[in-house]
Each structure stands twice: as structure tokens, then as C-alpha cells.
Amino acid sequence: VTCGYIGIVSLENKDSMIRTVVLHSTLRVIPMLDQLRKGLQLYDLPKIMKTHQDLCLPLFVPGEYDEVDAAFLLERSRPVFSEVGSAKHQKEVNIINFLQDYLQEIEDSGIKDVTPEGLTVGRIMQWMTGQRHKPVLPSENKDFVIYMKFNHDCDTQHTVCFPTVSACSRTVTFPSAHLKTYTEFKNILTLAICHGQTFDRV
């Protein structure tokens, strides 16, 4: 209503309400962004930002911009394990160990043959959560966790099964039947990250 929508609030009018909110936000933000752009042009900053993106990034991300490393990703991982001592629990522990080895390998050397820019721990976090950097606000940083779940119901009647990701809830579900060795884990996770589509699961 405060955005200028004057119709009846109902599910049937959902698209119209969304258009009104988007239009209202756009009309408010565009003049501000235009003013910022003009101010940056005074000092030729757009050219500098194109050629030195890494140096300019901290100017636009509040606080200290930290690249995600394996330690951060593992610290924030919250595996949802089965009962200790069960066969399922042992498989889950192995998968988490594989994840740790995989992240460390990427951090130490990078997997350069997968993508032109190489696979980074930041890209893996972006695949899992939708963001490549550490949370900026202290309140977000405190509550930032990635849940690791395990699917034991997948059979092996098919060749491969990929992990599923819900970026909104920051949850990754690993198919335990297909991740028995580190080599399997590495191949499947690399394929999922590099060839995965959008964040469709909620």
C-alpha cells in the first residue's frame, strides 16, 4: 500500500502488487544510482574499477572483505549426523572428511582444468549458499551456518546422483550411496558445482 498499490490485496492480484513494488523501488533507486555514477565519473573511477576489480571491491562491500577459505567453510558446516555407531553415521563421517580434503585441495592448488578461472572455495560457498563472500554484518556472521544432510534412500540402480542444494536455507544434501571414495566425491561435487543450474530447491 505504501508503494502506491491501490487495488484489492489478494492472491489473484499478486503480479500487479509485485509490479507496483518493483516500480516503486526502481523509481527510488535509479536517481540515487545515477547520482553515484556521476560522482564516480568525476574521478574516472569506472575505468579504474573495470581494470582493478579486486582492489575496488572493498570500497563497495562494508567492513573488511575477506575471501572465503576452507577453514571458514568447515567451521560453519553443521552436519546432521545419524546415530553414533551406526553404519549410516560412518558413511556420513567419511563424506565430511572427503569434503574437508576437497576444500583443502582446492585451496592449496585449485582445480584449473574445470573452468577458465579455476574452482575456488568461494565459488563452492556460492554454490551452497548463494553468496561467495563471508557475511558482512556481525548479526549475519553470527548466525551463518551451512547444514549438511545425507540421503541414504538413494539406490544405486542409476549411474550417478548429485548433491542437492537449497541456497535459501543453506542446506546441502549428499547422496551417500554414490560417495563411497574420495575420487567419486571429487568428481561428482566438481560436476555439480561447475554444471549445476539454478537454486531451485527450497
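Two strands are counted as paired if DSSP finds at least two bridges between them. Helices (H or I, at least four residues) and strands (E, at least two) are DSSP runs, numbered from the N terminus. On these terms, four strands of the chain form an open sheet of mixed pairing, in the order E1-E2-E4-E3. E1 and strand E3 (164-166) occupy the edges with a single partner strand each, so one side of each lacks a neighbour in the sheet. Direction ignored, neighbouring strands of this sheet are turned by 20° against each other on average; axes here are lines fitted to C-alpha atoms, for helices over the stretch in contact, and angles run from 0 to 180 degrees between N-to-C directions.

The model is predicted: local features need pLDDT of at least 70 and side-chain atom pairs count only at pLDDT 80 or more, while totals for chains, interfaces and linings use all residues. Residues are numbered from 1 along each chain as its sequence is written, and side-chain values use heavy atoms, with hydrogens and water left out.

**Overall composition**

The chain contains eight helices and four strands, which follow one another along the sequence as α-α-α-α-β-α-α-α-β-β-β-α. Of its 202 residues, 29% are buried, where buried means under 20% relative accessible area, exposed over 50%, and partly exposed in between (1.4 Å probe, protein chains only). Contact means heavy atoms within 4.5 Å. Among contacts between residues at least 6 apart in sequence, 59% join residues at least 24 apart.

**Strand pairing**

The table sets out the pairs of the sheet, each with one pair of opposed residues.

| Strand pair | Sense and bridges | Example of opposed residues |
|---|---|---|
| E1 and E2 | parallel, three bridges | Arg78 and Tyr147 |
| E2 and E4 | parallel, five bridges | Phe150 and Phe174 |
| E3 and E4 | antiparallel, three bridges | Val165 and Val172 |

Further partners are Ser77 with Ile146 in E2, and Asn151 with Pro175 in E4. The two faces of E2 differ in cover: Ile146, Met148 and Phe150 lie on the covered face, and Tyr147, Lys149 and Asn151 on the uncovered one. E4 is largely enclosed by the rest of the structure, because four of its five residues are buried. E3 and E4 form a hairpin with four residues between them, and Arg170 in the turn has a positive phi of about 50°.

**Helix H5 and its packing**

H5 has 22 residues and spans 32 Å from its first C-alpha to its last, close to the 32 Å expected at 1.5 Å a residue; the expected span is 1.5 Å times one less than the number of residues. This helix lies across E1, E2 and E4 and runs at about 130° to E2. Its buried residues are His89, Glu92, Ile95, Ile96, Phe98, Leu99, Tyr102, Leu103 and Ile106. They pack against H4, E1, H6, E2, E4 and H8.

Two packed helices are described by the angle between their axes and the distance between the axes. The axes of H5 and H8 come within 10 Å and cross at roughly 65°. This crossing is right-handed; a crossing is left-handed if the near helix is turned anticlockwise from the far one by less than a right angle, and right-handed if clockwise. Ile95, Phe98, Leu99, Asp101, Tyr102 and Glu105 of H5 meet Tyr182, Phe185, Lys186, Leu189, Thr190 and Ile193 of H8.

**The nonpolar core**

A nonpolar core is a set of buried Ala, Val, Leu, Ile, Met, Phe, Trp, Tyr and Cys residues joined through side-chain atoms within 4.5 Å. The largest one has 31 residues, among which Phe174 and Phe185 touch the most other members. At least two of its residues come from each of helix H4 (70-75), helix H5 (87-108), helix H6 (121-129), strand E2 (146-151), strand E4 (171-175) and helix H8 (182-195). H5 supplies the largest share, seven residues. Leaving aside residues up to four places away in sequence, Phe185 touches Ile95, Phe98, Leu99, Tyr102, Phe174 and Leu179.

**A loop position**

Gly130 is located in the loop between H6 and helix H7 (138-143). It counts as partly exposed because its relative accessibility is 39%. Gly130 and Ala167 are 37 residues apart in sequence, and their C-alpha atoms are 5.5 Å apart in space.
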